[in-house]
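Here is a friendly walk through one model, with a look at how its helices pack and what lies inside. Have the structure open as you read.

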Amino acid sequence: MNNIELINESCADQTVDAIVNAANGGLWAGGGICGVIFAKAGMKELTDACSKYDTPLKDGEAVITPAFNIKNAKAIIHAVGPNFAKTPAAFKELFEAYYNSLKVLMDNGYHSIAFPLISSGIFGGSLSNPAGESAKQCLRAYNKFIADYPDYGIDVKLCAFSASEMARAQEEFKKI
C-alpha cells in the first residue's frame, strides 16, 4: 500500500526505514537538518561512511549510509538538493533528489521514508515559496514512483519543521 503525508515534525525523529538528509554535494556535516542528522547518527561514524563516496555528488543524486546511532531508522539516504541561489531554475534537480531517494529506498529493500523539505531552507534562494516548491516536487516524485513501480509499496512522510513551512507546504498538498 502506498501513502504520502505531510507532517509538522522533524524527519530525524520519525520511526521509518530511512530518513533523508538534505545533503550537500560533498556529503559533509552542514547546518539545519543535515547538522541534526550528523549529530544524532554520530559525527565520526557518519563522516567516515560518507567519505567512502566519490564526491562531489551532483544535484539530484542520492546515496545511502547506515543510520548508526539513530535508533528510529535503519538507514540515512543523503539527497543533494539544488541551491536555488546558484541555479534558480533547478526544479528538475529537486524532483530528482526526491525520486532518486525513493529509488535508493527500493533498491535497498526498504518501504518507509521521512523527508525534510529539501532545498527549502538556505538552499531556497529567491524562490517565493521554497517549502511549497519542495512539497510540489516531492508529490511529483512520489506520483511518478508509484506509477513506475506499482507493485512496490512505500510510505512517505514529508516533514515540515516550522509552522510557516507547514502552512506553505500544505498549499501544495491541498491541490491534490
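## How α3 meets α4

Helices α3 and α4 are oblique to each other, because their packing angle of about 45° falls outside the ranges for roughly parallel, roughly antiparallel and roughly perpendicular. This is a predicted model, so please read every value here as computed from predicted coordinates. Helix α3 covers residues 91-107 and helix α4 covers residues 130-148. Their axes are 8 Å apart, and α3 passes α4 in a right-handed crossing.

On the α3 side, the residues that meet α4 are F91, L94, F95, Y98, Y99, L102, K103 and M106. Their partners in α4 are E133, S134, Q137, C138, R140, A141, Y142, K144, F145 and D148. Sorted by class, this contact holds eleven nonpolar, two polar and five charged residues.

## How α4 meets α5

Helix α4 also packs against α5, which spans residues 163-173. The two axes come within 7 Å and cross at roughly 40°, which means that α4 is oblique to α5. This crossing is right-handed.

Here α4 contributes A131, G132, A135, K136 and L139, while α5 contributes E165, R168, A169, E172 and F173. By class, the contact has five nonpolar, one polar and four charged residues.

## The nonpolar cores

In soluble globular proteins, nonpolar side chains tend to be buried together. In this model, the largest nonpolar core has 41 residues, and I77, Y98, F115 and L158 have the most contacts inside it. Helix α3 gives the most to this core, with nine residues. A second, separate core has 23 residues, including I7, F38, L46 and I70.

F115 is worth a click in your viewer. Leaving out residues up to four places away in sequence, F115 touches C11, V20, Y98, S101, L102, C138, V156, K157, L158 and C159. Among these, Y98 and L102 of α3 and C138 of α4 also take part in the contact between those two helices.

## A closer look at L105

Is L105, a residue of helix α3, buried or exposed? Its relative accessibility is 0%, so L105 counts as buried. Beyond its neighbours within four places in sequence, L105 is in contact with A18, I77, Y110, H111, S112, I113, Y152 and I154. One of these, I77, is among the residues with the most contacts inside the largest core.

For a sense of distance, L105 and G42 are 63 residues apart in sequence, and their C-alpha atoms are 21 Å apart in space.

How values were computed
Residues are numbered from 1 along each chain as its sequence is written. This is a predicted model: local features need pLDDT of at least 70, side-chain atom pairs count only at pLDDT 80 or more; totals for chains, interfaces and linings use all residues. Side-chain values use heavy atoms; hydrogens and water are left out. A nonpolar core is a set of buried Ala, Val, Leu, Ile, Met, Phe, Trp, Tyr and Cys residues joined through side-chain atoms within 4.5 Å. Buried means under 20% relative accessible area, exposed over 50%, partly exposed in between (1.4 Å probe, protein chains only). Helices (H or I, at least four residues) and strands (E, at least two) are DSSP runs, numbered from the N terminus. Contact means heavy atoms within 4.5 Å. Axes are lines fitted to C-alpha atoms, for helices over the stretch in contact, and angles run from 0 to 180 degrees between N-to-C directions. Angles under 35 degrees count as roughly parallel, over 145 as roughly antiparallel, 65 to 115 as roughly perpendicular and the rest as oblique. A crossing is left-handed if the near helix is turned anticlockwise from the far one by less than a right angle, and right-handed if clockwise. Ala, Val, Leu, Ile, Met, Phe, Trp, Tyr, Cys and Pro count as nonpolar, Asp, Glu, Lys and Arg as charged, and the others, Gly among them, as polar.
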